[in-house]
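Q: Please take a close look at one sheet of this protein chain. Describe how its strands are arranged and paired, and then place it in the rest of the fold.

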Amino acid sequence: GACGADGEDGRGSEAANAKIDVIAAAVRQAVEPPPQVAKAPPPNRFVTTTVPLTFVLPDGSEQVLAFPAGTAPLGMSFNGDTLRVLNVQPASSADRLGVEVGWALVAAA
């Protein structure tokens with residue numbers, strides 16, 4: 001989920017909010033299971049469907065990570081204006097994939 005901006009009222013510009021809404025909707029659609037519950041896979045099967053999320057690292061490079069589909073929450077929280085990662089929960093999908101505080105989410109899909 002999005003968190004308030006550092007030291008600001010958390011509203012940001014309308015353009016930034018629109019971008020955040022689009023990315024958040026894409027992430028939700030990609031990682032949340034559909035309303036109809038699919039039949040569970042047999043035991044010991046791996047889920048092969050992933051959702052690529054693109055991050056910009058503090059050094060300006062990009063990192064694309066493949067999050068397992070249907071595993072919400074992702075285990076990270078974001079700054080509401082910049083989508084910069086503020087926190088990574090231990091043992092979460094984000095933690096297992098190596099997401100670090102300070103990375104900025106820029107694309108989903």
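A: The model is predicted. The place to start is the strand pair β2 and β3. Strand β2 covers residues 50–56, and its pairing with β3 is antiparallel, with 7 bridges. Two of the residue pairs can be named: Pro52 has Ala66 of β3 as its bridge partner, and Leu53 has Leu65 of β3. In a regular strand, side chains point to one face of the sheet and the other in alternation. The two strands form a hairpin with 5 residues between them, and Gly60 in this hairpin has a positive phi near 95 degrees.

The pair belongs to an open sheet of 3 strands, in the order β3-β2-β6 and with antiparallel pairing. Its edge strands are β3, residues 62–68, and β6, residues 104–108, each of which pairs on one side only. On average, and with direction ignored, neighbouring strands of the sheet are turned by 35 degrees against each other.

Val56 shows how β2 sits among its surroundings. This residue lies in strand β2. Its relative accessible area is 24%, so Val56 is partly exposed; the cut-off for a buried residue is under 20%. Neighbours within four places in sequence set aside, Val56 is in contact with Ser61 and Glu62, and also with Gly102, Trp103, Ala104 and Val106. Between Val56 and Leu105 there are 6.6 Å from C-alpha to C-alpha, although the two are 49 residues apart in sequence.

Leu105 also appears in the nonpolar interior. The largest nonpolar core has 20 residues, and those touching the most other members are Leu53, Phe55, Phe67, Met76, Val85, Val99 and Leu105. Two or more residues of this core come from each of α1 (14–31), β2, β3, β4, β5 and β6. The three strands of the sheet are thus joined in this list by β4 and β5.

Strands β4 and β5 make a second hairpin. Strand β4, residues 76–79, runs antiparallel to β5, and 3 bridges join them. Within this pair, Phe78 stands opposite Val85 of β5. The hairpin has 5 residues between its strands, and Leu83 in the turn has a positive phi of about 60 degrees.

After β5 the chain enters a loop that holds Ser92, between β5 (85–88) and α2 (93–97). Ser92 counts as buried because its relative accessibility is 9%. Its side chain makes polar approaches on two sides. One is to the backbone oxygen of Gln89, at 2.6 Å. The other involves the backbone nitrogen of Asp95, which lies 3.2 Å from a polar atom of the Ser92 side chain. Apart from neighbours within four places in sequence, Ser92 is in contact with Leu74 and Gly75.

For the chain as a whole, the secondary structure amounts to 2 helices and 6 strands, and their order along the sequence is β-α-β-β-β-β-α-β. Of the contacts with a separation of 6 or more, 50% are between residues 24 or more positions apart. Buried residues are 29% of the 109 in the protein chain. The accessible surface is about 7000 Å², and carbon and sulfur atoms account for 56% of that surface.

Conventions. Residues numbered from 1 in each chain as written. Predicted model: local features only at pLDDT ≥ 70, side-chain atom pairs only at ≥ 80, totals over all residues. Heavy atoms only, no water. Pairing = 2+ DSSP bridges. Helix = DSSP H or I, 4+ residues; strand = E, 2+ residues; numbered from the N terminus. Axes fitted to C-alpha atoms, helices over the stretch in contact; angles between N-to-C directions. Buried < 20%, exposed > 50% of the residue type's maximum accessible area, 1.4 Å probe, protein only. Contact = heavy atoms within 4.5 Å. Areas by Shrake-Rupley, 256 points an atom, 1.4 Å probe, with all protein chains shown as cover. Polar contact = N/O pair within 3.5 Å; in protein donor to acceptor, adjacent residues only side chain to side chain. Core = buried A, V, L, I, M, F, W, Y, C linked by side-chain atoms within 4.5 Å.
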